[in-house]
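Let's take a walk through a protein model, one piece at a time. Keep the sequence and the 3D view open as you read.

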Amino acid sequence: MPELPEVETTVAGLKHPIQGKTIVAVDFHRDAIRYPLKRSWLDTLRGSRILSISRRAKLIVMELDKAYLLWHLGMTGSLRISRADEAKRKHDHVEIHLSGGKILRFHDPRRFGYLKLFTSKDALLESLSNYGIEPLSAAFDGDYLCQRSRHKKQPVKNFIMDQSVVVGVGNIYACEALFLAGIRPQTPAGKIGRQRYLCLVKNIKAVLEKAIAQGGTTLKDFENAEAKPGYFQQFLYVYGRESLPCLHCQTPIAAKRLGGRSSFYCKKCQR
DNA sequence: AGACAGACCTGTGAGC
DNA sequence: TGCTCACAGGTCTGTC
């Protein structure tokens, strides 16, 4: 599920409720999600204060006074704040009881998400070292993308979804940004010129910023920290619109699998 | 090294 | 109604 805007929305919603709170108790309801949930973490977590929460790539970083918690929401994960009297739902795998009585719950039906604990900043940074630059940073520009793409034969859509190049762009926003830039998803990345990369970067930033402003995209089960959906899905031009008329030229939207992922584009608007 | 397929999971909707 | 199948927002690993 969550691409950068959904993670950003989650972090924004969690800041106020959890920053400065102390972890009173932690429940692991499984031994593992994607990776093992180690019982030894429980002692570290109990009594820890949450100093800050932030996002890096599609990851959520919680800085505690004794450690760092790193969350990935995978495809169907969500983190939400609930009252103590709200019943645990199916697929609530982790519950963190906070001072003040609220509970932070990690919900993830498909269990592609994960939670990791690091006891030093170096270990945390090491685990983040393979990620590329942030798409909303000034460093992400057309020249960067153009330079990284030289000699690459892979489809440009797969290229911009490569987290070691630029982080946070997933299947939905890759399709949307390529549509807005007028670039076909299957075009080899190395064959695209600087001018078109300038345009693509502009549209990646625009699509992500607009999605953040709308609280992300909810196709099925994304919900933010307050259990509310996002509203960006009503602004989608191509994603999930196979055979429907292009909103610019009425040509039926085409679908194609690239790198195992459904890709949507307009044969007339995207070349 | 780069590109691709397959694996990891459960839920949902379509088609029979 | 109930079965089977394909597919879903993301990584990670193995293979060619």
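## A strand on the inside

Let's start with strand β7, residues 103-107: five of its five residues are buried, so β7 is largely enclosed by the rest of the structure. Keep in mind that what you're looking at is a predicted model. Both faces of β7 are covered, with buried Ile103, Arg105 and His107 on one side and buried Leu104 and Phe106 on the other.

Which strands does β7 pair with? One is β5, which runs antiparallel to β7 and is joined to it by five bridges. If you look for Ser78, you'll find that its bridge partner in β7 is His107. Another is β6, which also pairs with β7 in the antiparallel sense over five bridges. Here, Ile96 has Leu104 of β7 as its bridge partner. The hairpin of β6 and β7 has four residues between the strands, and in this hairpin Gly100 takes a positive phi near 100°.

## More antiparallel pairs

Now move to strand β3 (residues 59-64) and strand β4 (residues 68-72). They run antiparallel and are joined by five bridges, and a hairpin of three residues links β3 to β4. Within this pair, Leu59 stands opposite His72 of β4.

His72 is a handy landmark, since it also stands opposite Tyr114 in β8. That fits the next pairing: β4 and strand β8 (residues 114-118) run antiparallel, with five bridges between them.

## The whole chain

Zoom out, and chain A shows seven helices and ten strands. Its radius of gyration is 20 Å, close to the 18 Å that the globule rule gives for 271 residues, so chain A is as compact as a globular protein of that length. The C-alpha trace spans about 55 × 35 × 30 Å along its principal axes.

How much of chain A is buried? Buried residues make up 39% of its 271 residues. There's also plenty to see in the way the chain meets itself: take the contacts between residues at least 6 apart in sequence, and 64% of them join residues at least 24 apart.

## A covered helix and the core

Helix α6 (residues 171-181) is mostly covered, with ten of its eleven residues buried. Among the buried ones are Ile172, Tyr173, Leu178 and Phe179, and Glu176 is buried too. What do the buried residues of α6 pack against? They pack against α5 (156-160), α7 (194-213) and β10 (261-265). Just after α6 comes Gly182, with a positive phi of about 70°.

In soluble globular proteins, nonpolar side chains tend to be buried together. In this model, the largest nonpolar core has 69 residues, and those with the most contacts inside it are Ile160, Ala177, Leu178 and Val238. Helix α6 gives the largest share of this core, nine residues. As for Val238, leaving out residues up to four places away in sequence, it touches Cys175, Glu176, Phe179, Ile253, Phe264, Tyr265 and Cys266.

## Three alanines in loops

Three alanines make a nice comparison. Ala57 lies in the loop between β2 (50-56) and β3. Is Ala57 buried or exposed? It counts as buried because it has 20 C-beta neighbours inside 10 Å. Its phi is near 55°, a positive value in a residue other than glycine.

Ala227 sits in the loop between α7 and β9 (254-258). With 14 C-beta neighbours inside 10 Å, Ala227 counts as partly exposed, and its phi is also positive, near 65°. Ala87, in the loop between β5 (78-82) and β6 (92-98), counts as exposed because it has 6 C-beta neighbours inside 10 Å. The C-alpha atoms of Ala87 and Ala139 are separated by 45 Å, and these two residues are 52 residues apart along the chain.

## Around the DNA

Finally, find DNA strand B. Which residues are around it? They are Lys90, Pro109, Arg110, Arg111, Phe112, Lys152, Lys153, Gln154, Asn158, Gly259 and Gly260. The residues of this surface divide into five charged, four polar and two nonpolar.

Terms used. Residues numbered from 1 in each chain as written. Chains lettered and ligands numbered in written order. Predicted model: local features only at pLDDT ≥ 70, side-chain atom pairs only at ≥ 80, totals over all residues. Near = placed C-beta within 6 Å. Nonpolar A, V, L, I, M, F, W, Y, C, P; charged D, E, K, R; others polar. Buried ≥ 20, exposed ≤ 12 C-beta atoms within 10 Å, placed from the backbone. Helix = DSSP H or I, 4+ residues; strand = E, 2+ residues; numbered from the N terminus. Contact = placed C-beta atoms within 7 Å. Rg over C-alpha atoms; globule rule 2.2 N^0.38 Å. Pairing = 2+ DSSP bridges. Core = buried A, V, L, I, M, F, W, Y, C linked by C-beta atoms within 7 Å.
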